[in-house]
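This report walks through one protein chain, from its overall build to a few single residues. Please look over the sequence and the model before reading on.

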Amino acid sequence: MLKLNYIRSDKVWGYELWLASTHPNGMQKDFYDACGGDYPLLIKIIQANDSLSIQVHPDDDFAVKLEGKGNRGKTECWYILDAEKDAKLVYGIKSGYSKDVLATAIKEKTLENYLEMVSVKKGDFVFIPSGTVHAIGKGIRLMEVQQSCDLTYRLYDWGRDREVHIEKGLAVIKSDEMIPVAPFPGNFDCKYFNLKEINIEDKWSMACPKGTQPKDTRLLYIISSDNATISSNLTNHNKVAINAEEIFAIFPGEKVSVSGKATIMQIIAK
């Protein structure tokens, strides 16, 4: 069991905390060594004090085609930790518009007219497959689970003086049917990860199956805790206090136990 220490990255719109990462742009060396190499997911906290850029991420094939071998695409999801009243985010493009129309809208600074805006509140869940146009709005704090990828193509940045990637961004856009934004259903599964919310009232335990790959490591993200502790059979069952927004890596063959009251998100890579 390893408690991971975040890497902070300040942004013009707020900040990111990289909670679990073996990506070269934000490497947690102890995590990389403990799980035996490149972990396929990246877990973040995002605090949006202002709106993020309108952006899109490539899928696995486009990541290699546009950026070279060794790159992954980025399918991701968001669990809303907190949101101001009337907070909104961009979740896709209105149907019926070609990429040529979008290119013109970007040039004329009218892209907002083509975006789907969705209201969100604490506890909501948003699944964002690669190729989905999206943006986190002002006043939102969330936990993000994504493929271990740091490729972002900005389509529009609200007049801020940062690079945009219009040609690549338009190339990777997809219009797949998306899952409506709603409170987290308790369990979610996709090609790249599985998330399960666990509400603990007294005691809970979990055994991580044996395995030999980095992806066999499991992550426990603490959503909330009321004087709860965690212990492991590999550390003489010594109890460690857990707090909201902490994350623990649990390794193959390890059994952990939580005592007290807490809500935890178990994250499994595929």
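Accessible areas here come from the Shrake-Rupley method with a 1.4 Å probe. On that basis, the protein chain has an accessible surface of about 12,800 Å², and carbon and sulfur atoms make up 46% of it. The model is a predicted one.

**Overall build**

The protein chain contains four helices and 20 strands. Its C-alpha atoms fill a box of roughly 65 × 45 × 30 Å along the principal axes. The radius of gyration is 19 Å, which agrees with the value near 18 Å that a compact globule of 270 residues would have. Of these 270 residues, 52% count as buried.

How much of the contact set with a separation of 6 or more comes from residues 24 or more positions apart? In the protein chain, such pairs account for 78% of those contacts.

The charged side chains number 34 positive and 36 negative. The centres of the two sets lie 3 Å apart.

**The largest nonpolar core**

The largest nonpolar core holds 33 residues, and those that touch the most other members are Ile43, Phe193, Leu219 and Tyr221. Strand 3, which covers residues 14-20, gives the most to this core, with four residues.

Which residues does Leu219 contact once its neighbours within four places in sequence are left aside? From the N-terminal part of the numbering, the contacts of Leu219 include Leu4, Ala20, Phe31, Tyr39 and Ile43. Its contacts also include Ile247, Phe248, Ala249, Met265, Gln266 and Ile267. Ile43 thus appears both in this contact list and among the core members that touch the most others.

**Residues in loops and in strand 17**

Five residues are set side by side below, each with its place in the chain and its relative accessible area.

| Residue | Place | Relative accessible area |
|---|---|---|
| Leu151 | loop between strand 11 (140-147) and strand 12 (153-156) | 13%, buried |
| Pro209 | loop between strand 16 (203-207) and strand 17 | 42%, partly exposed |
| Asn227 | strand 17 (residues 218-232) | 74%, exposed |
| Leu234 | loop between strand 17 and strand 18 | 53%, exposed |
| Asn236 | loop between strand 17 and strand 18 (240-241) | 66%, exposed |

Is Leu151 buried or exposed? Leu151 counts as buried because its relative accessibility of 13% is under the 20% cut-off. Not counting residues up to four places away in sequence, Leu151 touches His57, Pro58, Ala63, Glu67, Asn71, Arg72 and Lys74. One of these, Pro58, is 93 residues from Leu151 in sequence, while the two C-alpha atoms are 7.4 Å apart in space.

Pro209 is partly exposed, because its relative accessible area of 42% falls between the cut-offs of 20% and 50%. Beyond residues up to four places away in sequence, Pro209 touches Arg218, Pro252 and Gly253. Pro209 and Asp61 are 148 residues apart along the chain, and their C-alpha atoms are separated by 31 Å.

Leu234 counts as exposed because its relative accessibility is 53%, and the cut-off for that class is over 50%. Leu234 and Lys255 are 21 residues apart in sequence, with a C-alpha to C-alpha distance of 7.7 Å.

The last two residues concern the backbone angle phi. Asn227 has a phi near 55°, a positive value in a residue other than glycine. Asn227 lies in strand 17 and is exposed at 74% relative accessibility. Asn236 also is not a glycine, and its phi is positive, at about 60°. Asn236 belongs to the loop between strand 17 and strand 18, and its relative accessible area of 66% makes it exposed.

Notes. Residues numbered from 1 in each chain as written. Predicted model: local features only at pLDDT ≥ 70, side-chain atom pairs only at ≥ 80, totals over all residues. Heavy atoms only, no water. Rg over C-alpha atoms; globule rule 2.2 N^0.38 Å. Buried < 20%, exposed > 50% of the residue type's maximum accessible area, 1.4 Å probe, protein only. Contact = heavy atoms within 4.5 Å. Lys, Arg positive; Asp, Glu negative; His and termini not counted. Charge placed at Lys NZ, Arg CZ, Asp CG, Glu CD. Core = buried A, V, L, I, M, F, W, Y, C linked by side-chain atoms within 4.5 Å.
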